[in-house]
2 protein chains.
Amino acid sequence: MAAYHPLSEREAIGIAREVEGVFPPNARLTCREIGDGNLNLVFHVRDETSGRGLILKQALPYAKVVGESWPLTLDRSRIESEALIEEGRLAPGLVPKVYRYEPDLALTVMEDLSDHIIMRAGLMQCRRYPLFADHISTFLANTLFFTSDLGMNQQEKKLKAGRFINPELCKITEDLIFDDPYTVSPNNHYDPAIEDEAEALRTDAELHFEVALLREKFLTQGQALLHGDLHTGSIFVREDSTKVIDPEFAYYGPMGFDVGAVIANLLLNYAGQLHWSADGASRTSYREYLLETVKSIWTQFDRKFRAHWEEKNVDRVARETPGYRDDYMRRLLQDSIGYAGCKMVRRIVGLAHVADIDRIPDPAVREKAQRVALRIGKALIKGGRGAESIDFVIETAREAAAALEG
Amino acid sequence: MAAYHPLSEREAIGIAREVEGVFPPNARLTCREIGDGNLNLVFHVRDETSGRGLILKQALPYAKVVGESWPLTLDRSRIESEALIEEGRLAPGLVPKVYRYEPDLALTVMEDLSDHIIMRAGLMQCRRYPLFADHISTFLANTLFFTSDLGMNQQEKKLKAGRFINPELCKITEDLIFDDPYTVSPNNHYDPAIEDEAEALRTDAELHFEVALLREKFLTQGQALLHGDLHTGSIFVREDSTKVIDPEFAYYGPMGFDVGAVIANLLLNYAGQLHWSADGASRTSYREYLLETVKSIWTQFDRKFRAHWEEKNVDRVARETPGYRDDYMRRLLQDSIGYAGCKMVRRIVGLAHVADIDRIPDPAVREKAQRVALRIGKALIKGGRGAESIDFVIETAREAAAALEG
């Protein structure tokens with residue numbers, strides 16, 4: 001295979017054609033580059049006749065974010081491809097199939113998911129995904145348990161952790177999520193209307209303390225192989241299917257970071273429903289759906305993880321120590337809540353925002369949604385370590401909406 | 001350099017002679033293999049005339065422990081040599097100088113410390129080392145702080161952690177310290193006289209819970225580059241000098257594990273003073289010296305680590321978050337106490353014992369010393385998470401001696 005260079009669409013077609021068992025011989029393939037151009041090229045190669053397709057994802061050696069260009073290692077392509085394969089093994093059907101990985105080109109050839117939509121877009125259309133909580137809780141329970149010291153050989157786990165050392169992408173998280181939002185940083189941006197909130201974030205000592213503890217765990221706690229960026233833009237959905245994509249931030253970290261990411265993004269959409277719902281009644285109904293989903297994700301995750309603990313635990317000490325499992329799950333819930341809060345806050349005042357809120361056209365409604373999101377986020381960060389149940393999250397979300405929307 | 005084979009004394013002399021600037025030309029070198037034959041060959045090459053010497057330490061591809069033979073990676077030799085170099089850089093003068101490392105032979109050529117003695121032997125002779133607390137607290141504060149996210153670039157830290165992934169030697173610790181002593185294991189051995197204590201260790205749910213938490217941190221918390229086996233048999237001393245040796249267990253783990261190891265081994269000697277002290281008065285005096293040393297080690301470590309935090313901290317969040325440093329130091333103290341307890345317990349009922357206690361000839365005295373050590377160890381494990389000061393350790397040691405020695 002050739003030395004690294006950004007592929008042309010013609011080259012993408014040539015590579016796609018070589019994958020066996022996808023396209024009929026002599027198929028007339030078309031190609032479209034559909035990436036957002038930020039970090040990767042994404043080629044969608046299709047045969048109109050058979051309706052079959054492939055995705056070719058190629059890492060670019062830099063990141064373009066708000067005009068700035070950051071150099072970024074191509075090794076993230078290896079990490080993404082190896083993480084996808086690992087996740088597919090542990091949670092079959094919940095990630096796209098990987099057909100091929102070309103290290104020299106930093107290229108992964110994978111299943112075409114054009115019949116799915118990005119979950120964030122679905123939520124902005126107030127669609128419901130009745131199987132999502134089941135699917136994502138399986139994804140989380142399986143990938144986290146079976147890459148941890150509980151579910152795999154502990155010596156192999158250390159070697160696996162070594163293959164997922166991911167300094168550059170972790171650094172992005174460490175800065176953008178756990179540092180910038182709480183200080184003056186050129187990476188931050190937010191609506192001038194919430195300058196008071198941004199200022200409050202910079203001066204809230206209690207908040208800073210909790211964020212420092214969560215950041216410390218992110219930096220040091222190699223608990224399990226994380227997806228590392230599990231927001232609703234990294235999840236493709238249909239009513240009957242869920243596919244987690246883009247694990248280029250994968251590394252060994254605290255399990256709660258992945259669980260919290262899913263919760264946070266459902267709650268960001270909850271805040272945005274001020275706009276997306278057609279009227280008050282449908283808003284109430286859709287928000288209930290979102291909160292039920294949050295609760296169901298945790299409840300099912302907790303049940304599945306505990307079942308693995310009972311049935312598949314390789315660790316004698318974990319298996320046989322009275323009270324340890326309950327304590328572990330309590331800490332995991334608390335971490336998840338804290339990380340959910342961090343992920344909400346940064347999406348309002350930090351570098352990368354979410355469409356659920358940024359695309360609200362009415363500035364007054366958008367401002368209110370931002371304040372609701374921040375109120376939830378801060379409460380989750382501050383309350384995480386004391387939380388005993390997922391109900392704390394549900395109540396916090398309800399309280400914030402009630403307090404700010406009147 | 002040749003392929004791996006255990007060196008002969010003649011070969012060791014040949015290699016030593018090549019090291020520049022140590023021996024005079026044409027020196028008549030002698031060689032003695034002084035290792036205990038467990039894990040390594042240790043050659044002491046000497047020139048009687050100049051009095052100069054070198055140590056050549058070669059890893060063996062197996063471990064002989066109580067007759068059994070475990071295969072062991074030679075990569076531990078690389079880890080040991082790289083850790084020594086790192087520790088020497090961060091704590092100059094407190095580890096032997098490394099002259100040469102030969103990866104193919106798993107061989108490290110280092111400074112001869114024949115003018116020092118193993119600290120455990122010194123303590124068994126009731127000798128005092130007035131500079132030890134200062135030296136070892138500097139070693140701990142420097143090596144732990146400057147290999148952590150507080151003291152070095154956080155991306156480089158992740159890469160460094162990758163170079164110190166040490167599955168096999170970590171596994172030894174995980175089993176022998178955190179698992180075997182609390183269950184029925186063929187690795188355990190202990191005097192039949194303390195069968196009641198061994199049985200109590202196997203059925204103490206509160207103890208098991210605390211050990212599970214400490215074990216979890218050992219398995220997951222990549223806080224700093226640890227020595228990993230910092231007992232008083234890994235420390236060479238003179239009245240005016242301290243040299244830490246044998247970091248083959250080095251890996252990225254929880255800082256408290258190293259601090260706790262030092263404390264535990266001083267307290268094991270404390271328990272053994274029932275025998276080693278000449279009489280009651282000298283025992284009281286020497287034990288006070290040991291407890292003062294424990295207190296001084298923590299106090300100086302705490303002061304030096306905090307000073308680094310103020311002056312050398314690379315982490316904005318850690319630097320600027322009110323209350324974070326105090327919380328960090330409190331948790332570090334608590335971890336240190338918990339790990340000290342684990343290390344005491346395993347030295348009484350587990351695979352590897354300590355001469356401070358095992359070499360007590362009178363069975364009744366030895367039994368009492370073992371009970372004192374276990375009482376302290378269990379109390380430290382159970383009390384660690386609630387401890388607010390190093391005084392808890394001092395009081396626990398005094399209480400145990402008073403309760404059991406009458």
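Let's start at one histidine: with a relative accessibility of 17%, A:His353 counts as buried, because the cut-off for buried is under 20%. The model it belongs to is a predicted one.

Where does A:His353 sit in chain A? This residue is found in the loop between α12 (324-349) and α13 (355-358). Leaving aside residues up to four places away in sequence, A:His353 touches A:His189, A:Tyr190, A:Arg347, A:Ile348 and A:Asp358. Its side chain also has polar partners on the backbone, listed here.

| Backbone atom | Partner | Distance |
|---|---|---|
| Oxygen of A:His189 | Polar atom of the A:His353 side chain | 2.9 Å |
| Oxygen of A:Gly350 | Polar atom of the A:His353 side chain | 2.9 Å |

A:His189 thus appears both among the residues that A:His353 touches and as the owner of a backbone oxygen 2.9 Å from a polar atom of that side chain.

Now for the whole chain. Chain A contains 15 helices and twelve strands, and its C-alpha trace spans about 60 × 55 × 40 Å along the principal axes. Its radius of gyration is 21 Å, which agrees with the value near 22 Å for a compact globule, given its 406 residues. Of those 406 residues, 61% count as buried. Looking at contacts between residues at least 6 apart in sequence, 73% join residues at least 24 apart.

What does the chain show on the outside? Chain A exposes about 15,200 Å², and carbon and sulfur atoms supply 51% of that area. As for charge, there are 50 positive and 62 negative side chains, with the centres of the two sets 2 Å apart.

Conventions: Residues numbered from 1 in each chain as written. Chains lettered and ligands numbered in written order. Predicted model: local features only at pLDDT ≥ 70, side-chain atom pairs only at ≥ 80, totals over all residues. Heavy atoms only, no water. Helix = DSSP H or I, 4+ residues; strand = E, 2+ residues; numbered from the N terminus. Rg over C-alpha atoms; globule rule 2.2 N^0.38 Å. Buried < 20%, exposed > 50% of the residue type's maximum accessible area, 1.4 Å probe, protein only. Contact = heavy atoms within 4.5 Å. Areas by Shrake-Rupley, 256 points an atom, 1.4 Å probe, with all protein chains shown as cover. Lys, Arg positive; Asp, Glu negative; His and termini not counted. Charge placed at Lys NZ, Arg CZ, Asp CG, Glu CD. Polar contact = N/O pair within 3.5 Å; in protein donor to acceptor, adjacent residues only side chain to side chain.
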